[in-house]
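Please open the model in your viewer and keep the selection panel at hand. We will go from one selection to the next, pausing at each to see what is there.

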Amino acid sequence: MSRWNDLTGGTSGKEYAGRFEALAATGKDVHGEARLCAALVPPGSRVLDAGCGTGRVAIWLAEQGYDVTGADLDPSMLDVARAKAPGLTWIESDLADLDLDDAFDLVVAAGNVIPLLAEGAEPHTVSRLARTLRPGGLLVAGFGLDAAHLPVPPSVTLADYDAWCETAGLVLERRLATWDGRPYDDGDYAVSIHRRPSSPL
């Protein structure tokens, strides 16, 4: 079981969606993750939203002309996503078990996906996500590093994550402090952009 399922029981989809709808109603931009992805690859690119939840990132990108697939373990989250965008591809799967082709231009793991994986499954899952990237493709992951930025006890360091990416054949291209693009400042939240090289290292 993932830490997410331990936390929610796989039944929090409507509640989760409602929190973001309430934020959007206040005028807050809730599409920062998707906007960053759109700044990294052009419309028409294939994007995998890994741990897509209720589809907030995937749906916005699809509306901008991206070819998007969403994958998540939580059926309650996917129920919301499918209701909002029935025409998109939604896959119910543990990310550690994903078996997709290597033709995605970008894989995004937003919403603390990495530290919410099952304990011990992180290296294998990162390898699975890396395998879905075409040569030159990007893996973009944002997650908290301390208790203030996570709903579970901190378990993943940037050194851990970089090592898993390196083992999976990815190279760190850039690290940001937030999804709005500010450079990383050794803070307690980071957005990491790793690339699958176009040719073997």
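Begin by selecting helix H3 and helix H4 in this predicted model, and show their side chains: Glu33, Ala34, Arg35, Cys37 and Ala38 of H3 are in contact with Arg56, Val57, Trp60 and Leu61 of H4. If you colour this contact by residue class, you will find six nonpolar residues and three charged ones, with no polar residue among them. Now hide the side chains and look at the helices themselves, H3 covering residues 32-40 and H4 covering residues 56-63, whose axes are 8 Å apart and make an angle of about 45 degrees. An angle of that size makes H3 oblique to H4, and the crossing of the two helices is right-handed.

Next, select the strands. How many strands form the open sheet, and in what order do they lie? There are seven, running S3-S2-S1-S4-S5-S7-S6 across the sheet, and their pairing is mixed. At the edges you will find strand S3 (89-92) and strand S6 (171-176), each of which has a single partner strand, so one side of each is left without a neighbour in the sheet. As you move from one strand to the next, the twist averages 20 degrees.

Stay at the S3 edge and add strand S2, residues 67-72, which pairs with S3 in the parallel sense over four bridges. To see one of the paired positions, select Gly70 together with Trp90 in S3, which is its bridge partner. Then bring helix H7 into view, which packs on the sheet and touches strand S5 (133-144), S6 and strand S7 (189-195), while the direction of H7 makes about 15 degrees with that of S7.

Now select Phe143 and Tyr161, and ask how their rings are placed: which arrangement does the pair have? The ring centres are 5.3 Å apart and the planes stand at 80 degrees, so the pair is edge-to-face. Because Phe143 belongs to strand S5 and Tyr161 to helix H7, this pair ties together parts that are 18 residues apart in sequence.

For the last stop, keep H7 (residues 158-167) selected and add helix H6 (residues 122-131); the axes of these two helices come within 9 Å and cross at roughly 50 degrees. This angle makes H6 oblique to H7, and H6 passes H7 in a right-handed crossing. Show the side chains once more, and you will see Glu122, Pro123 and Val126 of H6 meeting Tyr161, Trp164 and Cys165 of H7. The residues of this contact divide into five nonpolar and one charged, with no polar residue.

Note on methods:
Residues are numbered from 1 along each chain as its sequence is written. This is a predicted model: local features need pLDDT of at least 70, side-chain atom pairs count only at pLDDT 80 or more; totals for chains, interfaces and linings use all residues. Side-chain values use heavy atoms; hydrogens and water are left out. Axes are lines fitted to C-alpha atoms, for helices over the stretch in contact, and angles run from 0 to 180 degrees between N-to-C directions. Angles under 35 degrees count as roughly parallel, over 145 as roughly antiparallel, 65 to 115 as roughly perpendicular and the rest as oblique. A crossing is left-handed if the near helix is turned anticlockwise from the far one by less than a right angle, and right-handed if clockwise. Contact means heavy atoms within 4.5 Å. Ala, Val, Leu, Ile, Met, Phe, Trp, Tyr, Cys and Pro count as nonpolar, Asp, Glu, Lys and Arg as charged, and the others, Gly among them, as polar. Two strands pair if DSSP finds at least two bridges between them. Rings of Phe, Tyr and Trp (its six-membered ring) pair if their centres lie within 6.5 Å; planes under 30 degrees apart count as stacked, over 60 as edge-to-face and the rest as tilted.
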